[in-house]
Amino acid sequence: MSHISQFEFQCSDLDALEKAAEACGCELVRGQKKYKWFGRFVGDSPMPKGLTEADLGKCDHAIRVKGASSQTYEVGVCKTEDGKFALRYDFWSGGYGLVDKVGKDGKKLELNYNVHHAKNFFEQQGYYTNIQTNQETGNPQLVAEKF
Amino acid sequence: MERITIDFFPNGTQQIAVDGVKGEACKQATAAYETTLGAKISEVPTSEMYEQQENPARLQH
């Protein structure tokens, strides 16, 4: 079986993606040109928009689970025409441990990416930043201050 | 002091609050950041945004 999912969040900041991967127990491997998946598309799920079978398994960078078994699938980080990145993975059987780390539809990875992207952005604008937990919601919160 | 607080939610949305910036300038404080994100979900200026001198402004995205 092979089921390729493409994350929908826009990614343009590889440094933030690297930190987000670490927060999820994974690591970004820059320059890795193939990501681990079933290896063959069998057509039992929709092909992500804009892709062909030849695109599957190819990437510009990859995210892998730290300490994973040889069976665990990986996330492909694929450069798009607009210069940003799309993230793809084979979600069959939870990617054999991958989905537990990055979340369904990559939501855990997206949440951490958003936090670190914002941190990077505002630090570049001269703000002092601090990542904390919102005591009411339990969700991450970024405070950026400029004096 | 200018202070920007961003709350991140598991569904990918973000809520941004700006304090210490008066009136319309609070939009400018976050406009460049918003361009780096995907589609904007919503923006809800509160009445504080129109209080030009007395209170900080707050936006929700």
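This is a short dialogue on reading a sheet, its salt bridges and a second chain in a predicted model.

Reader: What should I know before I start?

Author: The model is predicted, so local features need pLDDT of at least 70 and side-chain atom pairs count only at pLDDT 80 or more, while totals for chains, interfaces and linings use all residues. Residues are numbered from 1 along each chain as its sequence is written, chains are lettered from A and ligands numbered from 1 in the order in which they are written, and side-chain values use heavy atoms, without hydrogens and water.

Reader: How are the strands of the sheet in chain A ordered?

Author: Strands of a sheet pair through backbone hydrogen bonds, either parallel or antiparallel. Here, strands (E, at least two residues) and helices (H or I, at least four) are DSSP runs, numbered from the N terminus. Two strands pair if DSSP finds at least two bridges between them. Chain A has an open sheet of five strands, in the order 1-5-4-3-2, with antiparallel pairing. Strand 1 (4–6) and strand 2 (26–30) of chain A are at the edges; each has a single partner strand, so one side of each lacks a neighbour in the sheet.

Reader: Which strand does strand 2 of chain A join?

Author: Five bridges join it to strand 3 (residues 61–65) of chain A, and the two run antiparallel. One detail: A:Glu27 has A:Arg64 in strand 3 of chain A as its bridge partner.

Reader: How far apart are the closest N and O atoms of A:Arg64 and A:Glu27?

Author: Side chains of opposite charge can pair when their charged atoms come close. A salt bridge is a side-chain nitrogen of Lys or Arg within 4 Å of a carboxyl oxygen of Asp or Glu. A:Arg64 and A:Glu27 form one, with those atoms 2.9 Å apart. The two residues are 37 apart in the chain.

Reader: Is A:Glu110 buried or exposed?

Author: Buried means under 20% relative accessible area, exposed over 50%, and partly exposed in between (1.4 Å probe, protein chains only). A:Glu110 is at 9%, so A:Glu110 counts as buried. A:Glu110 forms a salt bridge with A:Lys107, at 3.0 Å between the closest N and O atoms. A:Lys107 is partly exposed, at 33%. Both sit in helix 3 (residues 107–124) of chain A, three residues apart, which means about one helical turn separates them.

Reader: What pattern does chain B follow?

Author: Along the sequence, chain B reads β-β-α. Of its 61 residues, 36% are buried.
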